[in-house]
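Subject: Structure handover and notes on side-chain contacts

Dear colleague,

I am passing on the structure we spoke about, together with some notes on its side chains. Please read them alongside the coordinates.

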Amino acid sequence: MRISDIRATTVTVPLKAPLRHANGCHWGRFVRTVIEVEADNGLIGLGEMGGGGESAQQAFRAMKSYLVGHDPARLEEMRFLIANPTASLYNNRTQVLAALEFACLDLLGQDWGVPVCDILGGRLRDRVAFASYCFFRYPNPRTGAGETRTIDQMLAYATAQKREFGFHTHKLKAGVFPPDYELEVYRALAAAFPSDSLRFDPNGVWSTEQAIRFGQAIEGLRNDYLEDPVYGLNGMRRTREMVRVPLATNTVVVNFEQLAANVLDTAVDVILLDTTFWGGIRACVKAAGVCETFQLGVAVHSSGELGIQLATMLHLGAVLPNLSFAADAHYHHLTDDIIEGGLMQYIDGVIRVPDAPGLGVTLNRAKLEEYSELYRRLGPYPYDQDPGRPGWTPLVPNDRWADPKDDRVIQIPN
């Protein structure tokens with residue numbers, strides 16, 4: 001089997017409401033580039049990549065000259081062919097590599113008649129548990145519904161998510177409002193769900209001193225971990241010395257060199273493995289093995305997936321013996337998907353690992369065209385800008401917080 005063609009299609013899929021975060025906003029939709037790697041036997045493998053609200057089509061078109069004629073089973077050679085570590089100083093292709101690896105594993109699974117998790121060592125679990133992902137949100141620009149700004153709104157939102165999807169773990173995406181206000185919101189969530197676990201993520205925009213203050217204030221809650229309170233291993237290390245809550249990251253340990261540094265002088269207790277950020281599912285399995293050896297915690301990170309990347313997260317979760325936390329996902333914020341059958345279903349907070357060969361998902365061509373056309377109409381959006389605060393940019397550490405009393409109606413293209 002040899003690669004005969006690579007195609008990339010950029011889509012934008014609507015969200016239930018715009019998702020605010022410490023560095024900007026998802027403007028009511030995700031922009032994702034869907035990858036199709038076709039083999040000379042007619043099989044098509046699927047991949048997916050984000051890009052901060054922008055298309056990655058051109059990057060994948062450039063890969064055709066590298067990979068047409070390549071054996072998709074020779075994944076290690078592909079890694080050095082397109083993401084050689086020295087060459088990548090000039091053209092960082094880690095995420096491109098990840099999407100192509102997804103598609104090649106999908107091809108191999110289809111050709112061999114087995115799910116991807118069987119290629120990765122065999123499943124240890126048939127279902128993967130997920131956390132709710134509670135964002136501060138602007139109202140839906142079409143309906144005016146879905147705003148999450150006040151404590152009462154956040155509690156109603158989290159309660160509705162638990163009722164609909166069955167979550168037993170709740171994650172608050174923070175770093176938007178002043179830390180003391182977000183502490184009130186987090187404590188309210190803990191009081192509302194006393195039997196559930198919680199996690200908090202301000203996206204690394206606090207000072208170390210603020211992180212210590214906040215971390216000490218939540219020590220009595222049922223915390224899974226405090227995720228990225230500061231940016232940088234040394235700031236995390238200083239925080240860890242003063243706070244009795246495990247620290248987690250998906251920003252300062254995202255490759256093996258950083259993982260080695262963390263092992264030699266621990267700054268982070270839980271590594272959040274992202275199938276895109278780490279360069280593929282196989283890299284995440286390898287990193288999880290290092291974490292198992294040194295008794296670091298492991299969780300699965302979400303970078304804003306559609307069904308193809310969600311399938312990679314499920315296959316990853318299926319094979320990790322040391323997956324000790326519920327996975328993250330933005331998936332339940334979507335209104336639709338580009339795979340056959342529509343959105344995958346949560347049952348009591350878990351999603352079943354696909355059983356079909358390969359990744360176990362297939363493209364819905366009509367949906368692909370519908371959301372490709374929507375992207376052509378709306379274009380990209382700046383993930384790192386806030387539509388409600390033109391000209392704003394956060395500092396690190398930040399002191400430019402949004403006002404929780406600001407109830408202006410924000411105009412967002414839709």
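A salt bridge is taken here as a side-chain nitrogen of Lys or Arg within 4 Å of a carboxyl oxygen of Asp or Glu. By that criterion K171, K173, R199, D201, D224, E227 and D328 are linked in a network of salt bridges. Please keep in mind that this is a predicted model, and that the values below are computed from it.

Across the whole structure, the search finds 34 salt bridges. R238 is paired with E209, the closest N and O atoms being 3.1 Å apart, and this pair links distant parts of the chain, with R238 in helix α9 (residues 233-242) and E209 in helix α8 (residues 208-217), 29 residues apart. R238 is partly exposed at 37% relative accessibility, and E209 is partly exposed at 48%. Helix α9 also supplies R237, whose side chain meets that of D265 in a salt bridge (3.3 Å, N to O); D265 sits in the loop between α10 and β12, 28 residues from R237 in sequence. In this pair D265 is partly exposed, with a relative accessible area of 42%, whereas R237 is buried at 15%. A further salt bridge joins D126 to R123, with 3.4 Å between the closest N and O atoms; D126 counts as partly exposed at 34% relative accessibility, and R123 likewise counts as partly exposed, at 22%.

Turning to the aromatic residues, the structure holds 15 aromatic pairs. One of them is formed by F167 and Y346, which meet edge-to-face at 5.4 Å centre to centre, with 75 degrees between the planes. F167 lies in the loop between α6 (151-165) and β8 (169-173) and Y346 in the loop between α12 (307-319) and β14 (350-352), so the pair ties together parts of the chain that are 179 residues apart in sequence. F167 is buried at 0% relative accessibility, and Y346 is buried as well, at 8%. These two residues belong to one aromatic cluster with F130 and F165.

F130 also appears in the nonpolar interior: the largest nonpolar core has 127 residues, and those with the most contacts inside it are L100 and F130. Helix α4 (residues 94-112) gives the largest share of this core, 11 residues. Leaving aside residues up to four places away in sequence, F130 touches several others, among them F167, L310, M313, L314, D328, Y346 and I351. A second, separate core of 6 residues includes Y225, L272, A299 and F325.

Another edge-to-face pair is formed by F256 and W278, at 5.2 Å centre to centre and 80 degrees between the planes. F256 is in helix α10 (residues 256-264) and W278 in the loop between β12 (270-273) and α11 (281-293), 22 residues apart. F256 is partly exposed at 29% relative accessibility, while W278 is buried at 6%. K286 lies over the face of F256, at 4.9 Å from the ring centre, and R389 lies over the face of W392, at 4.1 Å from the ring centre.

Finally, S372 is placed in helix α13 (residues 365-378) and is buried, with a relative accessible area of 5%. A polar contact of 2.8 Å joins its side chain to that of R376, and, not counting residues up to four places away in sequence, S372 touches T9, T10 and V11.

With best regards

Terms used. Residues are numbered from 1 along each chain as its sequence is written. This is a predicted model: local features need pLDDT of at least 70, side-chain atom pairs count only at pLDDT 80 or more; totals for chains, interfaces and linings use all residues. Side-chain values use heavy atoms; hydrogens and water are left out. Rings of Phe, Tyr and Trp (its six-membered ring) pair if their centres lie within 6.5 Å; planes under 30 degrees apart count as stacked, over 60 as edge-to-face and the rest as tilted. Helices (H or I, at least four residues) and strands (E, at least two) are DSSP runs, numbered from the N terminus. Buried means under 20% relative accessible area, exposed over 50%, partly exposed in between (1.4 Å probe, protein chains only). A charge sits over a ring if NZ of Lys or CZ of Arg is within 6 Å of the ring centre and within 35 degrees of the ring normal. A polar contact is a pair of N or O atoms within 3.5 Å; within protein, one must be able to donate a hydrogen and the other to accept it, and residues adjacent in sequence count only if both atoms are side-chain atoms. Contact means heavy atoms within 4.5 Å. A nonpolar core is a set of buried Ala, Val, Leu, Ile, Met, Phe, Trp, Tyr and Cys residues joined through side-chain atoms within 4.5 Å.
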